[in-house]
Amino acid sequence: MTLEYRRVMENPKSKLDQIDVSGIAEKPVKRPRLVAGTRYTADEIHEIFRRFSIQRPEPKGELEHVNAFTLLVAVALSAQATDVGVNKATRALFKVADTPEKMRDLGEATVGEYIRTIGLWRNKAKNVIALSEALIRDYGSKVPDNRDELVKLPGVGRKTANVVLSMAFGQATMAVDTHIFRIGNRLGLAPGKTPDQVEAKLMKIIPAEYLYHAHHWLILHGRYVCKARKPECTACVIADICKSAEKTAELPAPLVPLPPQVF
């Protein structure tokens, strides 16, 4: 045992104060690498959508329709309206007009009578007739299966086009409505000042295996759990991953399949 070691052992506290640590470099703390433009790592994003896929294996849109045309009309009518309200109005309408020709023949006034319980119904009735006429004239009464053509139709914007492409034609799209826009910003999953910015980020960061159903998962999560006024965090299956400043729970809800959707 050396004399130096003995002195340290006999009075360790005083000796430790004299140790020169200036040449000892601190080991840097390795921080998780976040996906650019989000508050999450790639593993966290994958886990978020993995859990959604277990909770709702086959999510569905809640607008009632019988074909691509009635879906297009229903989505166009849903702007600034609830799906429930649109469904109440269109059940009777679609029984008598499920093609562009039948809708055109009803005329704007009659269509208006069917949908007058929906907000902005006068303008929407006008657009429904106009888009029906455009489909007949320019597309052989068929709903086009690409976004550029869809957004040319009266009353059809990017969000409506994305919903139709997804639900009618099986394309992976991201229809950013108020729910998805809120979630993208509130959670820091895809922050953006416009729906187009949120859409672009989500399309880039969501794993390919989950992309097809992703917009329905996010819409339903926003509608029933991550609500606008008061998020129900205790019912959230991603509460432990969520990085929202508004979060009120740290433990996730049980991850079990939900009952089938009933419209």
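In the predicted model, Phe-49 is buried, with a relative accessible area of 0%. Phe-52 likewise counts as buried, at 2% relative accessibility. Both residues lie in helix H3, where three residues, about one turn of the helix, set them apart. The structure holds two aromatic pairs. Phe-49 and Phe-52 form an aromatic pair of edge-to-face geometry, with a distance of 5.8 Å centre to centre and an angle of 85° between the planes.

Helix H3 itself spans residues 42-55 and comprises 14 residues. The distance from its first C-alpha to its last is 20 Å, close to the 20 Å expected at 1.5 Å a residue. Besides the two phenylalanines, the buried residues of H3 include Ile-45, Ile-48, Ser-53 and Gln-55. Glu-47 and Arg-51 also belong to the buried residues of this helix. The elements covering the buried residues of H3 include helix H12 (195-205) and helix H13 (211-224).

Thr-38 is located in the loop between helix H2 (12-16) and H3. Thr-38 counts as buried because its relative accessibility is 10%, under the 20% limit. Apart from neighbours within four places in sequence, Thr-38 is in contact with Ile-45, Gly-188, Leu-189 and Ile-205; of these, Ile-45 is one of the buried residues of H3. A separation of 9.8 Å is found between the C-alpha atoms of Thr-38 and Leu-202, although these residues are 164 residues apart along the chain. A further arrangement involves Tyr-40, over whose ring the charged end of Lys-243 sits, 5.0 Å from the ring centre.

His-215 has its place in helix H13, which is among the elements covering the buried residues of H3. With a relative accessibility of 1%, His-215 counts as buried. When residues up to four places away in sequence are not counted, His-215 touches Ser-166, Thr-173, Met-174, Ala-175 and Ile-180.

Helix packing was also examined for H4 and H10. Helix H4 (residues 68-77) packs with helix H10 (residues 158-169) at an angle of about 150°, and their axes are 10 Å apart. The crossing of these two helices, H4 and H10, is right-handed. On the H4 side, the contact is made by Ala-68, Leu-71, Leu-72, Val-75 and Ala-76. The residues of H10 that take part are Thr-160, Val-163, Val-164, Met-167 and Ala-168.

Notes. Residues are numbered from 1 along each chain as its sequence is written. This is a predicted model: local features need pLDDT of at least 70, side-chain atom pairs count only at pLDDT 80 or more; totals for chains, interfaces and linings use all residues. Side-chain values use heavy atoms; hydrogens and water are left out. Helices (H or I, at least four residues) and strands (E, at least two) are DSSP runs, numbered from the N terminus. The expected span of a helix is 1.5 Å times one less than its number of residues. Buried means under 20% relative accessible area, exposed over 50%, partly exposed in between (1.4 Å probe, protein chains only). Contact means heavy atoms within 4.5 Å. Rings of Phe, Tyr and Trp (its six-membered ring) pair if their centres lie within 6.5 Å; planes under 30 degrees apart count as stacked, over 60 as edge-to-face and the rest as tilted. A charge sits over a ring if NZ of Lys or CZ of Arg is within 6 Å of the ring centre and within 35 degrees of the ring normal. Axes are lines fitted to C-alpha atoms, for helices over the stretch in contact, and angles run from 0 to 180 degrees between N-to-C directions. A crossing is left-handed if the near helix is turned anticlockwise from the far one by less than a right angle, and right-handed if clockwise.
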